[in-house]
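Q: I should like to learn how to read the features of a protein model, from salt bridges to helix packing. Please take me through them one at a time.

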Amino acid sequence: MNIKWDSGKYTSDFSFVHEYGNSVIELIEAEKGASVLDLGCGNGALTKVLQDKGYCAKGLDASPELLTIARGNYPHIEFIQADAADFSLEEPVDAVFSNAVLHWIDKAWQPRMLACVHRALKPGGEFVFEFGGHGNNRQIHTALAEIFAAHEYPYQMPFYFPTIGEYAALLETAGFQVRYAVLFDRPTALKGEDGLKDWIRLFVKTPFAVLQDEQEKEAILAETEKSLRGGLYQDGIWYADYVRLRMKAVRLK
């Protein structure tokens, strides 16, 4: 998950990422005043929401670019720079919250991340999260893979999108009990006529690393846009075909 973010673009044009996280927060049952870690807090917008709801919240993220924005906007909140799969807290918390983060972590690293979350929680503490689930952005990634192949490049899937059953098993192995799980479609409107291209540029960086020619990158983006226009462009608006996995688990003693 070593991504260098365009923090300004992320904050201005992709605010839906944290806005959808507001409803995930409602799954937290800890009483107001409880300590909550926002894992993968990004620009800190949801950490601030957690504080506004009465929790003693702090954020953790690996991106210095996004943490600069978080600390600038919310100087009264503690923000920690650390990797989600390699962190520890001085004191355990009542809940760990995470939104749109866990799909960035390779499948092989998921057990290590869950072990960190387990250690960060008090016994009985809640782990509440949402991220990309099985089938997430299937149309976009299928189109990209086909066009990469036509240009004689491999397409490396940069994300991990599990099923409910697959992820529940990981949680149980890590010492959690699953209390809630749902996988659902959430087509998401993108901003502007270049919304799809902008989304790919910001979020799908790893596959494009094999391309050295900027013109070829732009050609692939244009071909992808053309191939998806019939399915993801409606009434003048581009949509990303999101599928989300929302879950709640508790740390067993």
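The dialogue below takes up salt bridges, helix packing, a buried helix face, single residues and backbone angles in turn.

Q: What kind of model is this, and how are residues numbered?

A: This is a predicted model, in which local features need pLDDT of at least 70 and side-chain atom pairs count only at pLDDT 80 or more, while totals for chains, interfaces and linings use all residues. Residues are numbered from 1 along each chain as its sequence is written, and side-chain values use heavy atoms, with hydrogens and water left out.

Q: How is a salt bridge recognised, and how many salt bridges does the count come to?

A: A salt bridge is a side-chain nitrogen of Lys or Arg within 4 Å of a carboxyl oxygen of Asp or Glu. By this rule the count comes to 15 salt bridges. One of these joins the side chains of glutamate 29 and lysine 248, at 2.5 Å from N to O. Glutamate 29 lies in the loop between α3 (21–25) and β1 (35–39) and lysine 248 in strand β8 (residues 237–251), so the pair ties together parts that are 219 residues apart in sequence. Helices (H or I, at least four residues) and strands (E, at least two) are DSSP runs, numbered from the N terminus.

Q: Are glutamate 29 and lysine 248 buried or exposed?

A: Buried means under 20% relative accessible area, exposed over 50%, and partly exposed in between, with a 1.4 Å probe and protein chains only. Glutamate 29 counts as exposed because its relative accessibility is 63%, whereas lysine 248 is buried at 5%.

Q: Which glutamate in strand β5 also forms a salt bridge with lysine 248?

A: Glutamate 126 does, the closest N and O atoms being 3.0 Å apart. This pair links distant parts of the chain, with glutamate 126 in strand β5 and lysine 248 in strand β8, 122 residues apart. Glutamate 126 is buried, with a relative accessible area of 8%.

Q: Which further salt bridges may be examined?

A: The side chains of lysine 122 and aspartate 94 meet at 3.1 Å, N to O. Here strand β5 holds lysine 122 and strand β4 holds aspartate 94, and the two residues are 28 apart. Lysine 122 is partly exposed at 33%, and aspartate 94 is partly exposed at 23%. In addition, a network of salt bridges links Glu130, Arg186, Arg244 and Arg246.

Q: How is the packing of two helices described?

A: Two packed helices are described by the angle between their axes and the distance between the axes. The axes are lines fitted to C-alpha atoms, for helices over the stretch in contact, and angles run from 0 to 180 degrees between N-to-C directions. In this model, helix α9 (residues 195–203) packs with helix α10 (residues 214–232) at an angle of about 130°, and their axes are 10 Å apart. Angles under 35 degrees count as roughly parallel, over 145 as roughly antiparallel, 65 to 115 as roughly perpendicular and the rest as oblique. α9 and α10 are therefore oblique to each other.

Q: Which residues of α9 and α10 meet?

A: Contact means heavy atoms within 4.5 Å. From α9, Leu196, Lys197, Ile200 and Arg201 meet Glu218, Leu221, Ala222, Thr224, Glu225 and Leu228 of α10.

Q: What does glycine 195 touch?

A: Glycine 195 is found in helix α9 and is buried, at 2% relative accessibility. Residues up to four places away in sequence aside, glycine 195 touches Leu190 and Trp238. Its C-alpha atom is separated by 9.7 Å from that of glutamate 225, 30 residues apart along the chain.

Q: Which residues of α6 are buried, and what do they pack against?

A: In α6, the buried residues are Gln110, Met113, Leu114, Cys116, Val117, His118 and Ala120. The buried residues of α6 pack against β1, β4, β5, α8, β6 (176–189) and β8.

Q: How should a positive phi be read?

A: Most residues other than glycine have a negative phi. Alanine 100 has a positive phi, near 60°, and lies in the loop between β4 (93–99) and α6 (110–120). Alanine 100 counts as buried, at 15% relative accessibility. Asparagine 137 likewise has a positive phi, near 55°, and lies in the loop between β5 (121–132) and α7 (138–150). Asparagine 137 counts as buried, at 2% relative accessibility.
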